[in-house]
Amino acid sequence: MLRLTILFSLLLVPTLSLALDFSLHKNQGFQPGPSLLIIGGIQGDEPGGFNAAALLATRYRVVAGNLWVVPNLNFSSIIKRSRGIYGDMNRKFAELPKSDPEYPQVARIKAIIQDPEVDLVFNLHDGSGFYSPSYIDSQRNPERWGQSCIIDQSRLNGQRYGNLEELTRTTIAQINRRISPARHSFQLKNTQTATTDTDIARVFRPTCALITICWRWKPI
Ligand SMILES: [Zn+2]
C-alpha cells in the first residue's frame, strides 16, 4: 500500500509543477522614490518584451526609487518559443481553476502586482505591424499594435499614478527621442476598453495603474 501511495504521489508531481517558475529581480535605488514593476514574457513568442525586461534587470543601476522586474513570466512558453503552451496567460487573470498548469505562476504574479509597494506596472509585449491612429496601409492602421504604448482609459481616478495618458505621453516622448527612422516612432494607443476587456490591465485596474508597451513584432 505504501509503495502504491508513493507511486501515486510521484505521478502527481509533474501535474502540479508543469509550468516553470519565473524570477523576480528587485533593484533598489540609492534615493527613495516610487516603485515600478516591469513584466516581460507573459507571451512566450514576444522576444522584444522579455529581452528588454532582462536587460533592465541585469544592466541598469537605479538612482531613485525601486525597480522590480519579472523578465520571464511565462517561462515555459519562452523556452518553447510559443505564445502560450498552456493557453494565453494574459487571459487567466480574472478567473482560473486551480487545475490550470499555470495556476501557481498566475497567483504569484497577482500577489506581486498587488503588493502595496508597487506604484505602477509596465507590461512589455511585441505587436504586429505599426499602430497608427488613421489607416495608412495594411501594416499601419488602428488595428495594429506594434510600436505603441497602450492604455485603456485616460485617467484612473483615485490611484497613485492614475494619470495614465499624461504618463504615457511623457514616456513616448522619451522613447522617440532615441528612435530612428521617424516612421518607427511610438504612438499612444488608447483602446477605451476599460469596462470590456478581460486581460491583466482590466483585472488590476481597481488596485494599480498599468501601461502596456508594445514593440513591433518579429517572428522568432
Ligand atoms: Zn503580447
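This is a short talk on how the strands, helices and core of this protein are arranged.

Good morning. What you have in front of you is a predicted model. I will start with the overall make-up. The protein has 220 residues, and 32% of them are buried. Its secondary structure consists of six helices and nine strands. If we take the contacts with a separation of 6 or more, 68% of them are between residues 24 or more positions apart.

Now the sheet. In what order do the strands of the open sheet lie? There are seven strands in it, and the order is 1-3-2-4-9-7-8, with mixed pairing. Strand 1, residues 25-28, and strand 8, residues 187-190, are the edge strands, and each of them pairs on one side only. From one strand to the next, the twist averages 25°.

Please look at strand 2. It pairs with strand 3 in the parallel sense, over six bridges. One residue pair to find there is Leu37 with its bridge partner Trp68 in strand 3. To get from strand 2 to strand 3, the chain passes through helix 2, and this β-α-β crossover is right-handed. Strand 2 also pairs with strand 4, again in the parallel sense, over five bridges. Here Leu36 has Leu120 of strand 4 as its bridge partner, and Ile39 has Asn123.

Next, the core. Which residues touch the most other members of the largest nonpolar core? They are Ile38, Ile39 and Val121, in a core of 37 residues. Several elements give two or more residues to this core, among them strand 2 (31-40), helix 2 (47-59), strand 3 (64-70) and strand 4 (120-127). The largest share, six residues, comes from strand 9.

Ile38 is a useful example to click on. Leaving aside neighbours within four places in sequence, Ile38 is in contact with Ala53, Leu56, Val69, Phe122 and Leu124.

Last, helix 4. Which residues of helix 4 are buried? Gln105, Ile109 and Ile113 are. Seen down the axis of helix 4, the buried residues fall within an arc of 70°, so they line one face of the helix. Ala107 and Ala111, on the other side of helix 4, are exposed. Helix 4 is also one of the elements that give two or more residues to the largest nonpolar core.

That is all I have. Thank you.

Conventions
Residues numbered from 1 in each chain as written. Predicted model: local features only at pLDDT ≥ 70, side-chain atom pairs only at ≥ 80, totals over all residues. Core = buried A, V, L, I, M, F, W, Y, C linked by C-beta atoms within 7 Å. Buried ≥ 20, exposed ≤ 12 C-beta atoms within 10 Å, placed from the backbone. Helix = DSSP H or I, 4+ residues; strand = E, 2+ residues; numbered from the N terminus. Contact = placed C-beta atoms within 7 Å. Arc of directions from axis to C-beta. Pairing = 2+ DSSP bridges. Axes fitted to C-alpha atoms, helices over the stretch in contact; angles between N-to-C directions. Right-handed = clockwise from strand over helix to strand, strands pointing away.
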